[in-house]
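Biologist: I should be grateful for a close look at a single part of this protein. Please describe one helix and the loop that comes before it, and then place both in the whole.

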Amino acid sequence: MKVKKSQITGYNERYLSEHHEQYFHLNIQLDRREINADDLVAQLQKFQVAVPSWALGAGGTRFGRFSTGGEPGNLEQKIEDVGLLHAITQSAGAISLHIPWDIPKDTKAIKQKAKSLGLVFDAVNSNTFQDQPDQKYSYKFGSLSHADSSIRQQAIDHNLEVIEYGKALGSKSITVWLADGSSFPGQNNFRRAYQHTQAALQEIYNGMPKDWKMYIEYKPYEPHFYSMVIPDWGTSLSLAEACGENAYTLVDLGHHLPNTNIEQIVALLLMKGKLGGFHFNDSKYGDDDLTCGSIKPYQLFLIFNELVEGMHNNVNNNPDLAWMIDASHNLKDPLEDLIQSLEAIRIAYARALLVDREELAEAQEENDLTRCQEILQAAFRTDVRPLLAEARRLSGGALNPIGFYRQMAVRKQLIKERGLKTVATGL
Ligand SMILES: [Mn+2]
């Protein structure tokens, strides 16, 4: 399914006067705070978030999976879905592929298709957390950290192969998330597991083109319940440092223990020039993979507050960050869920841009805690949605993406095209 520009313009026309009125009022408010709304809109227009190829179908839990209907059955259809999201929201201009779930068969055609929809290829993701039918050794007891060197080599070779797929598509980075760990005390030698992992990551790093980046993701538990080889940002950072200047830590919001101060981690990684990117999602208990901003919108804002602050005072030349949604949709229509996530991420970003940094620094110097909180919450409590709508309108997107999606009955259309009992590849 493709959305025509004229359909979006037609939809917008009906809501245009209401939008102009809201944008005008916000402008007055921001003017009083000496903030230029048009500058914010321009920054929002540039802000693009990648969509992973595995987020376009219904995920599941270990107890079951319920299809949404009309799920993409192949890579081409997944790209079409991201194209659709991008056309409506003008903020999802990249797709991140997971190998081997989405091996491009005809690279040229795939590249062409993405280009025609205004999409680029973000990081490629390797997978050594599952066994594939044709592989020689099993990853049941680890991959890059495995005690057996032939199993480590197989996992290294897989990562190098993923880089080759990425090169063919024009991707510039690889994300490594390692499921290695142990579920029982005594099962692993922590030090040896780390050393094997470091040596393996170095080999993969050395196999990357010079202009590529490696993102090392961490996670405190799951699939293992006693230890993970890369459980936290400190371990990831030390491995990134051991690999070289193009290796970075990747923060997945769901990969923290409850109540971890993620914004502090973000601030320190930025300060070190070692923050590579983000996987957005939301959670209440663990790696719940829920819609961004559905549970803890204030935390998301505080994280963006540190990101904006760090990017403004970029002392260690931290590179531009890779933004990606990494969530799983069990109950909602995946495309609606992604639209909501994109919106929540951009709301948090826009609010962070509103924070008066000079005033905050001054209040911090004076230990005026009340004022510090007032400054942050004044930004957080501002309804920035008219800014997002204006950014979308100027870029050719829908004023209200969910409204447009529903009015076009996109899911119904996709079910008609692809069938009701479709299952997208992925988890
Ligand atoms: Mn992730």
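Modeller: The account below begins with the helix, turns to the loop, and ends with the whole protein. Please bear in mind that the model is predicted.

The helix is α9, which runs over residues 297-312 and has 16 residues. From its first C-alpha to its last it reaches 22 Å, close to the 22 Å expected at 1.5 Å a residue. Several residues of α9 are buried: L300, F301, L302, I303, F304, N305, E306, L307 and G310. The elements that cover these buried residues include α8 (262-272), α10 (334-354) and α12 (369-380).

The loop between β10 (275-280) and α9 holds S283. This residue counts as partly exposed because it has 18 C-beta neighbours inside 10 Å, whereas a buried residue needs 20 or more. Leaving aside neighbours within four places in sequence, S283 is in contact with G254, D288, L290 and I295. S283 also lies 7.7 Å from K296, C-alpha to C-alpha, although the two are 13 residues apart in sequence.

As for the whole, the protein contains 15 helices and 11 strands. Its radius of gyration is 22 Å, close to the 22 Å that the globule rule gives for 427 residues, so the protein is as compact as a globular protein of that length. Along the principal axes, its C-alpha atoms fill a box of roughly 65 × 60 × 40 Å. Of the 427 residues, 45% count as buried. Among contacts with a separation of 6 or more, 80% join residues 24 or more positions apart.

Notes
Residues are numbered from 1 along each chain as its sequence is written. This is a predicted model: local features need pLDDT of at least 70, side-chain atom pairs count only at pLDDT 80 or more; totals for chains, interfaces and linings use all residues. Helices (H or I, at least four residues) and strands (E, at least two) are DSSP runs, numbered from the N terminus. The expected span of a helix is 1.5 Å times one less than its number of residues. A residue is buried if 20 or more other C-beta atoms lie within 10 Å of its own, exposed if 12 or fewer, and partly exposed in between; C-beta atoms are placed from the backbone. Two residues are in contact if their C-beta atoms, placed from the backbone, lie within 7 Å. The radius of gyration is taken over C-alpha atoms; the globule rule is 2.2 Å times the number of residues to the power 0.38.
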